[in-house]
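Colleague: I should like to go through this chain with you. Could we begin with the overall layout and then turn to single residues?

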Amino acid sequence: MATPKFILDLREKIGHDLLWLTGITGVVLNDADQVLLVRRADDGRWSLVAGILEPGEQPAVALVREIEEETAVVVEVERLVSMEALPPSTYPNGDEVQFLDLCFRCRPLHGEPRVNDDESLEVAWFPLSDLPPLSTREQESITNALSPDPTPLFTRP
């Protein structure tokens, strides 16, 4: 998967030092009580569709773009689910990053899910009652997206 040019430009200046980025995550839920997941090419695990906000992009617009680029599904963003600073992490090449993640609930408008770029190995709808192993954060994101309370979560207990 290609690293955005703006990150490559920043890395030329800061090397592997910690880079603060804005991440965007989509919990795409259909009327059949299913969630759209991708199996990532980098580590082989199933996950929610996610990406990086590029300079000048609006978060919801960027997420619609990311979801279509990765899955061929066109969505409408319904609401902000959560906003949280994730722990710092280090990529295999030594680059350090930390994300402020904006998670949104989305609904599909049209399109059949398929692998649409090199970031995913598989794309599929999963019944909420039969999800593959997901990270704790992703499980919480799905739970929060299903909550009838539309108030976004801003802090963890």
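Modeller: Certainly. Helices (H or I, at least four residues) and strands (E, at least two) are taken as DSSP runs and numbered from the N terminus. This is a predicted model, and its chain has three helices and eight strands.

Colleague: In what order do the elements run from the N terminus on?

Modeller: The order is α-β-β-β-β-α-β-β-β-β-α.

Colleague: What radius of gyration does the chain have, and what would a compact globule have?

Modeller: The chain has 15 Å, which agrees with the value near 15 Å for a compact globule, because the rule is applied to 157 residues. Along the principal axes, the C-alpha trace spans about 45 × 35 × 30 Å.

Colleague: And how much of the chain is buried?

Modeller: Of the 157 residues, 38% count as buried. The chain exposes about 8700 Å², and carbon and sulfur atoms supply 54% of that area.

Colleague: What share of the contacts comes from residues 24 or more positions apart?

Modeller: Such pairs account for 71% of the contacts with a separation of 6 or more.

Colleague: Now the interior. Which residues touch the most other members of the largest nonpolar core?

Modeller: That core has 15 residues, and V28, L36, L63, I67, V75 and C106 touch the most other members. The elements that give two or more residues to this core are β1 (19-28), β2 (34-40), α2 (59-71) and β7 (96-110).

Colleague: Take I67, then. Which residues does I67 touch, leaving out those up to four places away in sequence?

Modeller: I67 touches G26, V28, L36, V49, A72, V73, V75 and C106. There is also a second, separate core of twelve residues, which includes V27, C103, F126 and L134.

Colleague: A72 appears in that contact list. Where does A72 lie, and what is its phi?

Modeller: A72 lies in the loop between α2 and β5 (74-85). Its phi is near 70°, a positive value in a residue other than glycine. Most residues other than glycine have a negative phi.

Colleague: Is A72 buried or exposed?

Modeller: A72 counts as buried because its relative accessibility is 14%, and the cut-off for buried is under 20%.

Colleague: Which loop holds D33, and what is the phi of D33?

Modeller: D33 is in the loop between β1 and β2, and its phi is near 60°, again a positive value in a residue other than glycine. D33 has 54% relative accessibility, so it counts as exposed.

Colleague: Let us move to T22. Where is T22, and what does it contact beyond four places in sequence?

Modeller: T22 is in strand β1. Beyond those neighbours, T22 is in contact with G51, I52, L53, F99, L100 and L102. T22 counts as partly exposed because its relative accessibility is 22%.

Colleague: How far is T22 from V64?

Modeller: Their C-alpha atoms are separated by 15 Å, and the two residues are 42 apart along the chain.

Colleague: And V61: buried or exposed?

Modeller: V61 lies in helix α2 and has 57% relative accessibility, so it counts as exposed. V61 and V77 are 16 residues apart in sequence and 8.4 Å apart in space, C-alpha to C-alpha.

Colleague: Lastly, how far apart are the mean positions of the positive and negative charges?

Modeller: The mean positions of the 13 positive and 28 negative charges are 2 Å apart.

Technical notes:
Residues numbered from 1 in each chain as written. Predicted model: local features only at pLDDT ≥ 70, side-chain atom pairs only at ≥ 80, totals over all residues. Heavy atoms only, no water. Core = buried A, V, L, I, M, F, W, Y, C linked by side-chain atoms within 4.5 Å. Buried < 20%, exposed > 50% of the residue type's maximum accessible area, 1.4 Å probe, protein only. Contact = heavy atoms within 4.5 Å. Rg over C-alpha atoms; globule rule 2.2 N^0.38 Å. Areas by Shrake-Rupley, 256 points an atom, 1.4 Å probe, with all protein chains shown as cover. Lys, Arg positive; Asp, Glu negative; His and termini not counted. Charge placed at Lys NZ, Arg CZ, Asp CG, Glu CD.
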